[in-house]
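Colleague: I'm still new to reading folds, so could you pick one part of this model and walk me through it slowly? Start there and then show me how the rest fits around it.

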Amino acid sequence: MEAMHPDVDHILFTEEEITAMVKRVGAQISEDYKDKDLVLIAVLRGAVVFMGDLMRAIDCPLAIDFMAVSSYGDGAKSSGIVRIVKDLDIDIKGRDVLIVEDILDSGITLKYLIKNLSSRQPASIEVATFLWKDIEGKQAAINPKYVCTHCPDDFVVGYGLDYAQRYRNLPYVGVLKPEVYS
Ligand code: PRP
Ligand code: MN
Ligand code: MG
């Protein structure tokens, strides 16, 4: 196993486990979208690592684009306000949109994105999230169609997920030591 970063308390999902999960979800998407006009929209910046792996696990024609939104900034808590930092370059009208996210936590980001993208009249809109923190009583009303794995209510980093822009490059998902962010 890879050496653990000193700020990480323990590893939740190893590189090998992640590879298997992403392959499984990629195969599902390949089956569901084989006759569709699939556009993957990754949410910068956290989703870039998942996007790179997921698109290569999908075996049907697709286009990709990116949106940048941010609600957490450099803090450990969501501000509750979603900002569009970069909009799409392509027109999604009549196309089958799949939003690619690294984590669904409070759901504020995805709720905003689904509403915003729906107004552009795609043929369909679904969500693929790598992690889902489906904590009871905490979740905004969002039901992602594709989920790699559920995740405990810890501060998780790696595989695209940051704290203050760090740790995105860790190849595994780990729980950050509380003293790092408190
Ligand atoms: C994080 C994460 C998700 C979102 C999930 O993004 O990447 O996009 O928060 O949280 P929510 O469900 O509570 O809205 P962040 O705003 O930190 O930007 P980043 O992707 O650039 O890290
Ligand atoms: Mn994000
Ligand atoms: Mg972040």
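Modeller: Let's begin with α2, whose buried residues are Phe50, Met51 and Leu54. Around the helix axis these three span an arc of only 100°, which means they sit on the same side of α2. That fits a rule you can reuse: an α-helix has 3.6 residues a turn, so residues three or four places apart point the same way. Keep in mind that this is a predicted model.

What lies over that buried side? The cover includes α1, β2, β3 (62-70), β5, β6 and β7. One of the buried residues, Leu54, also turns up in the largest nonpolar core, which has 30 residues. Leu54 is among those with the most contacts inside that core, together with Ile29, Phe130 and Leu131. The elements giving two or more residues to the core are α1 (15-32), β2 (38-44), α2 (48-56), β5 (96-104), β6, β7 and β9 (173-176). Of these, α1 gives the most, with 5 residues. Apart from this core lies another one of 18 residues, including Val82, Ile92, Leu110 and Trp132.

Now zoom in on Phe130, since it leads straight back to our helix. Leaving out residues up to four places away in sequence, Phe130 touches Phe50, and its other contacts include Ile18, Met21, Val22, Cys148, Tyr159 and Val173.

Next, look at the sheet. Its 6 strands are arranged in the order β4-β3-β2-β5-β6-β7, as an open sheet with mixed pairing. At the edges are β4 (83-86) and β7, each of which pairs on one side only. On average, neighbouring strands in this sheet are turned by 30° against each other, direction ignored. Between β2 and β3, which run parallel, there are 7 bridges. For an example you can find on screen, take Leu44: its bridge partner in β3 is Ala68.

Two other helices pack on this sheet. α1 touches β2, β5, β6 and β7, and its direction makes about 160° with that of β7. Helix α3 (residues 108-118) touches β2, β3, β4, β5 and β6, and its direction makes about 165° with that of β5. In α3 the buried residues are Thr109, Leu110, Leu113, Asn116 and Leu117. Looking down the axis of α3, you find them within an arc of 130°, so they line one face of the helix. Their cover includes β2, β3, β4, β5 and β6. On the other side of α3, Lys111 and Lys115 are exposed. So try colouring α3 by accessibility, with that one buried face in mind.

Back to the start of α2, because there's a nice oddity just before it. The loop between β2 and α2 holds Arg45, and the peptide bond from Leu44 to Arg45 is cis, with omega near 0°. For background, most residues other than glycine have a negative phi, and most peptide bonds are trans.

Arg45 also has a partner worth following. Setting aside neighbours within four places in sequence, Arg168 is in contact with Arg45, Gly46 and Val49, among others. Arg168 itself lies in the loop between β8 and β9. With a relative accessible area of 18%, Arg168 is buried, because the cut-off for that is under 20%. Its side chain makes a polar contact of 3.3 Å with the side chain of Asp162.

That loop has more to show you. Tyr159 is found in the loop between β8 and β9, and so is Tyr167. Neither is a glycine, yet Tyr159 has a positive phi of about 50° and Tyr167 has one of about 75°. Both are tucked away: Tyr159 is buried at a relative accessible area of 3%, and Tyr167 counts as buried at 5%.

The strands on either side of this loop pair up too. Strand β8 (residues 156-157) and β9 are antiparallel, over 2 bridges, and Val157 stands opposite Gly174 in β9. β9 is also joined by 4 bridges to strand β1 (residues 8-13), again in an antiparallel arrangement. There, Val8 has Leu176 as its bridge partner in β9.

One last stop is Lys133, in the loop between β6 (124-132) and β7 (146-150). You might look for a lysine on the outside, but Lys133 counts as buried at 7% relative accessibility. Its side chain reaches the backbone oxygen of Asp154 at 2.8 Å.

Terms used:
Residues are numbered from 1 along each chain as its sequence is written. Chains are lettered from A and ligands numbered from 1 in the order in which they are written. This is a predicted model: local features need pLDDT of at least 70, side-chain atom pairs count only at pLDDT 80 or more; totals for chains, interfaces and linings use all residues. Side-chain values use heavy atoms; hydrogens and water are left out. Buried means under 20% relative accessible area, exposed over 50%, partly exposed in between (1.4 Å probe, protein chains only). A polar contact is a pair of N or O atoms within 3.5 Å; within protein, one must be able to donate a hydrogen and the other to accept it, and residues adjacent in sequence count only if both atoms are side-chain atoms. A nonpolar core is a set of buried Ala, Val, Leu, Ile, Met, Phe, Trp, Tyr and Cys residues joined through side-chain atoms within 4.5 Å. Contact means heavy atoms within 4.5 Å. The arc is that of the directions from the helix axis to the C-beta atoms. Two strands pair if DSSP finds at least two bridges between them. Axes are lines fitted to C-alpha atoms, for helices over the stretch in contact, and angles run from 0 to 180 degrees between N-to-C directions.
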